[in-house]
Amino acid sequence: MSEAHAAWVVTPDGTVWNLRKFELPVRLGRSEDADVVVKKDTVSRIHAMIDWHEDAHYVTDNKSENHTWVDGIMLIADQDAPLSDGSEIIIGTAKLRYFRDGVNAANFARSVER
């Protein structure tokens, strides 16, 4: 198990999730068992995961039916992609944003339509 590094994810409803509060890998999905919960029908119960390796956070598609996209690139099942500050993660039709800086995450969350 890896140690969590400072990072935040903003979900479509404007919620800011501090990834340091979770053990890695962080599970993204619509299930209440997910760490970062995204309530959309197009999102699988555990749709994708974020983990830390090679000095960066990576997101991995968890064999989801509706795919995971990172900065416009579709991932295939079990494929991962590195995340950088401001990366857009799309799971199903839900657009999330990844930040390495909490101030940027909070500012972005304020701009999200609710």
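**A β-rich chain with one helix and two nonpolar cores**

Lys63 is exposed, at 60% relative accessible area (exposed is over 50%, buried under 20%, and partly exposed in between, with a 1.4 Å probe and protein chains only). Lys63 sits in the loop between S6 and strand S7 (68-70) (helices, H or I of at least four residues, and strands, E of at least two, are DSSP runs numbered from the N terminus). Though not a glycine, Lys63 has a positive phi of about 55°. The model is a predicted one, where local features need pLDDT of at least 70 and side-chain atom pairs count only at pLDDT 80 or more, while totals for chains, interfaces and linings use all residues. Residues are numbered from 1 along each chain as its sequence is written, and side-chain values use heavy atoms, with hydrogens and water left out.

Now for the overall layout. The protein has one helix and 11 strands, and the order from the N terminus is β-β-β-β-β-β-β-β-β-β-β-α. The radius of gyration is 13 Å, close to the 13 Å that the globule rule gives for 114 residues, so the protein is as compact as a globular protein of that length (the radius is taken over C-alpha atoms, and the rule is 2.2 Å times the number of residues to the power 0.38). Along the principal axes, the C-alpha atoms fill a box of roughly 35 × 35 × 25 Å. Of the 114 residues, 44% count as buried. Among contacts with a separation of 6 or more, 36% are between residues 24 or more positions apart (a contact means heavy atoms within 4.5 Å).

On the outside, the protein exposes about 6,300 Å², and carbon and sulfur atoms supply 46% of that area (areas come from the Shrake-Rupley method with a 1.4 Å probe; for residues, only the protein chains shown count as cover). As for charge, there are 13 positive and 19 negative charges, and their mean positions are 6 Å apart. Lys and Arg count as positive here and Asp and Glu as negative, with His and the chain ends not counted; each charge is placed at NZ of Lys, CZ of Arg, CG of Asp or CD of Glu.

Inside, the largest nonpolar core has 26 residues, of which Ile50, Val59 and Ile91 touch the most other members (a nonpolar core is a set of buried Ala, Val, Leu, Ile, Met, Phe, Trp, Tyr and Cys residues joined through side-chain atoms within 4.5 Å). Two or more residues each come from strands S3 (26-29), S4 (36-37), S5 (48-53), S10 (88-91) and S11 (94-99). Ile50 belongs to strand S5 and is buried, with a relative accessible area of 0%. Leaving out residues up to four places away in sequence, Ile50 touches Val9, Leu19, Leu24, Pro25, Val26, Leu28, His57, Tyr58, Val59, Leu83 and Ile89. Pro82 is 32 residues from Ile50 in sequence, with 9.4 Å between their C-alpha atoms. Ile91, with neighbours within four places set aside, is in contact with Leu28, Val38, Val43, His47, Ala48, His67, Thr68 and Leu96. A second, separate core has six residues, including Val10, Phe99, Ala105 and Ala109.

The helix, H1, covers residues 102-111 and includes Gly102. This glycine is partly exposed, at 25% relative accessible area. Gly102 and Val10 are 92 residues apart in sequence, yet 10 Å apart in space, C-alpha to C-alpha.

Some backbone details call for a look. Most residues other than glycine have a negative phi, and most peptide bonds are trans. Like Lys63, which has a positive phi, Asp78 is a non-glycine residue with a positive phi, of about 70°. Asp78 is in the loop between strand S8 (73-75) and strand S9 (80-82). A cis peptide bond, with omega about 0°, joins Leu24 and Pro25, and Pro25 lies in the loop between strand S2 (16-18) and S3.

Two further loop residues round off the picture. Asp55 is placed between S5 and strand S6 (56-61) and counts as exposed at 67% relative accessibility. The C-alpha atoms of Asp55 and Trp8 are separated by 16 Å, with the two positions 47 residues apart along the chain. Gly72, in the loop between S7 and S8, is exposed as well, with a relative accessible area of 57%. Gly72 is 45 residues from Arg27 in sequence and 21 Å from it in space, C-alpha to C-alpha.
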